[in-house]
Amino acid sequence: MQEIICLEKVSYSYFDKIPAICDVSLGIKEGERFAIIGSNGSGKSTLLQIMSGLIHPCSGKTFFKGHEVSESSLRVSAFLKFFRERVGYIFQDSDVQLFCPTVLDELMYGPLQLGLSEKDALDRTFEVMQMLNIENLKSRPSYMLSGGEKKRVAIGSVLTMNPEVLIFDEPTSGLDPRTQVFLLELIVALNGAGKTIVIATHDLSLVGELETRVAVLSEEHRIEKIGGPDTILADEELLLKVNLIHEHVHFHGQSAHSHLHSHFLFHRHQ
Amino acid sequence: MKNNIPEFLLKRPSSDSFEQGRGRIRMPFIEKGLYHLADVIKTGYVQWETAARDNFFQRIDARIKVLFLLFYVIIVSLKRDLWSEILIAVFFFVLTVLSRLDILNLYKRGFFLAFIFGFLIALPSALNVITRGDIILQIVHLSRPYSFWIYQIPKEIGFTREGVHGVMMLTSRVMNSLTLSFLVLNTTPFSEIMRALKVLKVPDSFLMIITLSYKYIFIFAKTAQDMHLAKKSRLVRQVSNSEARNWIAGRMAFMLKKTRIRCEEVFKAMLGRGFSDNIKLPTFKKLRAVDWFSGAAFFLFGVLFLWI
């Protein structure tokens, strides 16, 4: 399979002082499920924003389908349209993503931008609303939605543009269990429909559930390892090093136990 | 779920390439504005970083620095000759060098602001129409003088020696005051400056409001940047200025709502931690010998500048 997104020795720092990403190289294949995992502040969101051309690396290059994505190339209107209609980004904070007066306007915004007729845009909107089960919210403003509803609308607002790549930043954070399950099923279904899925998370269960290929970011903002979910999740030493699992001490009666602990996967007594 | 996937989502774009065109997109004013907003965060970060270093001025207690700032602003305003202002400027420069601040950046900002708010604003007052005196640079020569109500326009219009001196004095005072403020701001964490204002008997409630407002500026700047990125991720063409204005208006309303909600949440958090009408901020530690010594040295230098 061809690589749809490719990063070559990408580095980024905030205010030219705080490093966020150091020398990251990776390739994501078309139609695959790919996860970037790392602890808080390791640079996951920055990496996703670089992939989606929202910010640009201080050094290194980003490619989408072999075309370089840079500040300059995104100023060419034909490439901007080509790129944005193929790459959709779902922010961690849905609040910042929803800027139209109502849910209906929000979902119609993307297709109208792409030049679809109002009828076609409306058709897409209703189909997506039906899939996400948010038809009853169509006339509501975004500030009158719950966290889970906002997430569904945010995803819907990107899906109506029918992107080939869907980039999710911490998709399940702050959602109730039912919405989390709904989202996982949705991601799997969208991948089944041919979409490339990229997620950033520190939720190891998500990696296990989605069976994604995984890139592990260290606290030094570098790629530690890229591999399949089984290989990565079995590497307790690596996960401990990058602060995704921790050593836990607790008491059983009078005796103390210590073991590696994750709230999702590892809870094995030694 | 799979069966629910709409038909259009199963379709792929027809082509993997795009038509190379010449159409280029100009950077919209909103983006430029947001770059400046990002500068707010950067400035805050740089200020925090330089203030945290362990250099000469950074080591001195914030109370001494606040009093130093006030004392020297008064001295700068009282001096009436240019040489004293230059001498004070050299003194500030030495302190800046000792504090290892980014001299180029600090003076660039100082000169820019002093040029606008000192030189340019005061420049018309150097004309003999406003300040009488010996003309050193003639600009216009009229056929005869004109009188209108209380105004008199002389035959020759130009810059006077007295007027230019006045402009130079004002510019140097603005420049010195700015350099001094930047020196203190870049060597003292904002929270310390706030607490130091207690020595000037500024009420605690007022300090609390300023501190919260200062923090909110950063939250506001970050949220605005994020909203812009979210919009950018769904933009596929050039945005017209009117569209950008509409978007900004909508987002301002959103920010207002969000601010109100955050304000309520912060207040609840304060209540949850025992807030009552009496705001109590932590008091300062005792001044160390080095603070007393620096304070005395600054005071003596100040007296010297007043005397000469």
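1. Start with the helix pair in chain B of this predicted model. Helix α5 (residues 103-122) and helix α6 (residues 161-187) of chain B pack at an angle of about 150°, and their axes sit 8 Å apart. The crossing of α5(B) and α6(B) is right-handed. On the α5(B) side the contact includes B:Leu106, B:Leu113, B:Phe117 and B:Phe119; α6(B) brings, among others, B:Val167, B:Leu170, B:Val174, B:Leu178 and B:Phe182. By class, this contact has 12 nonpolar residues, five polar ones and one charged. If you want to find the charged one on screen, look at B:Arg109 in α5(B).

2. Chain A has a helix pair worth putting beside that. Helix α5 (residues 118-132) of chain A packs on helix α6 (residues 147-159) of chain A at about 145°, with 10 Å between the axes, and this crossing is right-handed too. A:Val128, A:Met129 and A:Leu132 from α5(A) meet A:Arg152, A:Ile155, A:Gly156 and A:Leu159 from α6(A). That gives five nonpolar residues, one polar and one charged.

3. Now chain B as a whole. How many helices and strands does chain B have? There are 10 helices and four strands, and they follow one another as α-α-α-α-α-β-β-β-β-α-α-α-α-α. In other words, the strands come in one run along the sequence, with helices before and after. The C-alpha trace of chain B spans about 90 × 70 × 40 Å along its principal axes. Its radius of gyration is 28 Å, whereas a compact globule of 308 residues would come out near 19 Å. Buried residues account for 20% of the 308 in this chain. Of the chain B contacts between residues at least 6 apart in sequence, 83% link residues at least 24 apart.

4. Chain A has 10 helices and 12 strands. Is chain A compact or extended? Its radius of gyration is 20 Å, close to the 18 Å that the globule rule gives for 270 residues, so chain A is as compact as a globular protein of that length. The C-alpha trace spans about 70 × 45 × 35 Å along the principal axes. Of the 270 residues in chain A, 46% are buried. For contacts between residues at least 6 apart in sequence, the share joining residues at least 24 apart is 64% in this chain.

5. On to where the chains meet. Chain B puts 38 residues into the contact and chain A puts in 40. On the chain B side, the elements giving two or more residues are α1 (29-51), α8 (204-232) and α9 (241-272). Which of the elements gives the largest share of that side? It is α8(B), with seven residues. The side of chain B that touches chain A is mixed in class, with 16 nonpolar, eight polar and 14 charged residues.

6. The largest nonpolar core has 83 residues. The members that touch the most others are A:Ala35, A:Ile37, A:Ile90, A:Leu166, A:Ile167, A:Val198 and A:Val207. Strand β1 (residues 3-14) of chain A gives the most to this core, six residues. Take A:Leu166 as one to click on: apart from neighbours within four places in sequence, its contacts are A:Gly88, A:Ile90, A:Val158, A:Leu190, A:Lys195 and A:Ile197. A second, separate core has 20 residues, including B:Phe57, B:Phe92, B:Leu101 and B:Val174.

7. A:Thr196 deserves a look as well. It sits in strand β8 (residues 196-201) of chain A. Why does A:Thr196 count as buried? Because there are 23 C-beta neighbours inside 10 Å, and 20 is enough to qualify. Leaving out residues up to four places away in sequence, A:Thr196 touches A:Ile4, A:Ile28, A:Glu30, A:Gly31, A:Glu32, A:Glu164 and A:Val165.

8. Finally, two backbone oddities to check. A:Lys9, in strand β1 of chain A, has phi near 45°, a positive value in a residue other than glycine. A:Lys9 counts as exposed because it has 12 C-beta neighbours inside 10 Å. A:Glu211 also has a positive phi, about 50°, without being a glycine. A:Glu211 lies in the loop between α8 (204-210) and β9 (213-217) of chain A and is partly exposed, with 13 other C-beta atoms within 10 Å.

Technical notes: Residues numbered from 1 in each chain as written. Chains lettered and ligands numbered in written order. Predicted model: local features only at pLDDT ≥ 70, side-chain atom pairs only at ≥ 80, totals over all residues. Rg over C-alpha atoms; globule rule 2.2 N^0.38 Å. Contact = placed C-beta atoms within 7 Å. Nonpolar A, V, L, I, M, F, W, Y, C, P; charged D, E, K, R; others polar. Axes fitted to C-alpha atoms, helices over the stretch in contact; angles between N-to-C directions. Left-handed = near helix turned anticlockwise from the far one by under 90°. Core = buried A, V, L, I, M, F, W, Y, C linked by C-beta atoms within 7 Å.
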